[in-house]
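Open the model in a viewer with strands drawn as ribbons and side chains available on demand. The stops below go from strand pairing to aromatic rings and the charges over them.

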Amino acid sequence: SRIKIFSCVHSGHIGKVRNYGNRLAKGELLVVQDSDDVSLPDRLDVLWQEYQNSKADVLYHSMYMLFRDAEIDMVSRQFRPAKPYSKRELLKTQYIPGQLAYTKKAILETPYNEEVTVSDDWLVLIEMAMKDYKFHSISRALYEYWYVPDSVTLNSLEDGRRKKDLLIIQKVLWRKFKILS
């Protein structure tokens with residue numbers, strides 16, 4: 001009874017789908033979960049406790065990157081620590097992963113850009129940083145991110161979507177904050 005399913009036409013821009021879900025969400029703290037990844041069993045409990053203690057608007061955590069090697073039928077798991085928050089560093093590179101949590105208030109005030117196709121989470125993070133939302137990092141790994149050869153992340157480098165996104169990000173940052181990243 002607590003779970004509701006909503007449908008949204010997917011245009012290829014994940015920001016549209018995330019904005020739709022964020023508007024419908026009832027909670028105070030919203031957690032991003034990609035369909036092909038895994039939240040570790042206590043992820044939601046840890047995020048909620050850290051939110052209660054920190055009162056941060058954005059929470060992010062360490063994670064494991066999982067790589068599948070089909071030739072030898074093996075998966076390797078690498079720990080990726082959450083780096084301390086730095087607005088300056090975030091303007092240079094997306095070192096905070098998109099698998100994060102944010103308050104409903106923060107995401108409704110700073111929605112995903114629906115033009116961006118693969119760098120949508122980075123732009124949201126930059127805009128939240130520029131608006132001086134409070135960020136909080138958690139050193140514990142709470143997520144397993146599957147890194148696969150046919151992922152959107154890798155394909156976007158080859159097909160030009162990443163370059164297009166970077167141009168959109170630069171335009172948005174200039175228009176809203178008069179900065180160039």
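Begin by selecting strands E3 and E4, which run antiparallel and are joined by seven bridges. The model is a predicted one. To find one of the rungs, pick Met63: its bridge partner in E4 is Arg80.

Next, move to the turn. E3 and E4 form a hairpin, with four residues between the two strands. Select Asp73 in this turn and check its backbone: phi is positive, at about 50°.

Now keep E3 and add strand E6, residues 135–147. E3 and E6 run parallel, and nine bridges join them. Ser62 is a convenient marker, since Ala141 is its bridge partner in E6.

Then add E5. Here the pairing with E3 is antiparallel and covers two bridges. Show Val58 and look across to E5, where Tyr102 stands opposite.

With the strands in place, turn on the aromatic side chains. How many aromatic pairs does the structure hold? There are five. Two of them are visited here, starting with Tyr64 and Phe79, an edge-to-face pair with 5.9 Å centre to centre and 65° between the planes. Tyr64 lies in strand E3 (residues 58–69) and Phe79 in strand E4 (residues 74–80), so this contact ties together parts that are 15 residues apart in sequence.

Switch on a surface to see how the two rings are covered. Tyr64 is partly exposed, with a relative accessible area of 21%. Phe79 is also partly exposed, and its relative accessible area is 43%.

For the second pair, select Tyr102 and Tyr112. Their ring centres are 6.3 Å apart and their planes stand at 65°, so this pair is edge-to-face. Tyr102 belongs to strand E5 (residues 101–103), while Tyr112 sits in the loop between helix H4 (104–109) and helix H5 (120–130). The pair links distant parts of the chain, ten residues apart. Are these two residues buried or exposed? Both Tyr102 and Tyr112 are buried.

The last stops are charged side chains over rings. Go back to Tyr64 and add Arg77, which lies over the face of the tyrosine at 3.6 Å from the ring centre. Tyr64 therefore has two partners to display together: Phe79 in the edge-to-face pair and Arg77 over the face.

Finish at Tyr51 and Lys55. The charged end of Lys55 sits over the ring of Tyr51, 5.1 Å from its centre.

Conventions
Residues numbered from 1 in each chain as written. Predicted model: local features only at pLDDT ≥ 70, side-chain atom pairs only at ≥ 80, totals over all residues. Heavy atoms only, no water. Phe/Tyr/Trp six-rings, centres within 6.5 Å; stacked < 30°, edge-to-face > 60°. Buried < 20%, exposed > 50% of the residue type's maximum accessible area, 1.4 Å probe, protein only. Lys NZ or Arg CZ within 6 Å of the ring centre and 35° of its normal. Pairing = 2+ DSSP bridges.
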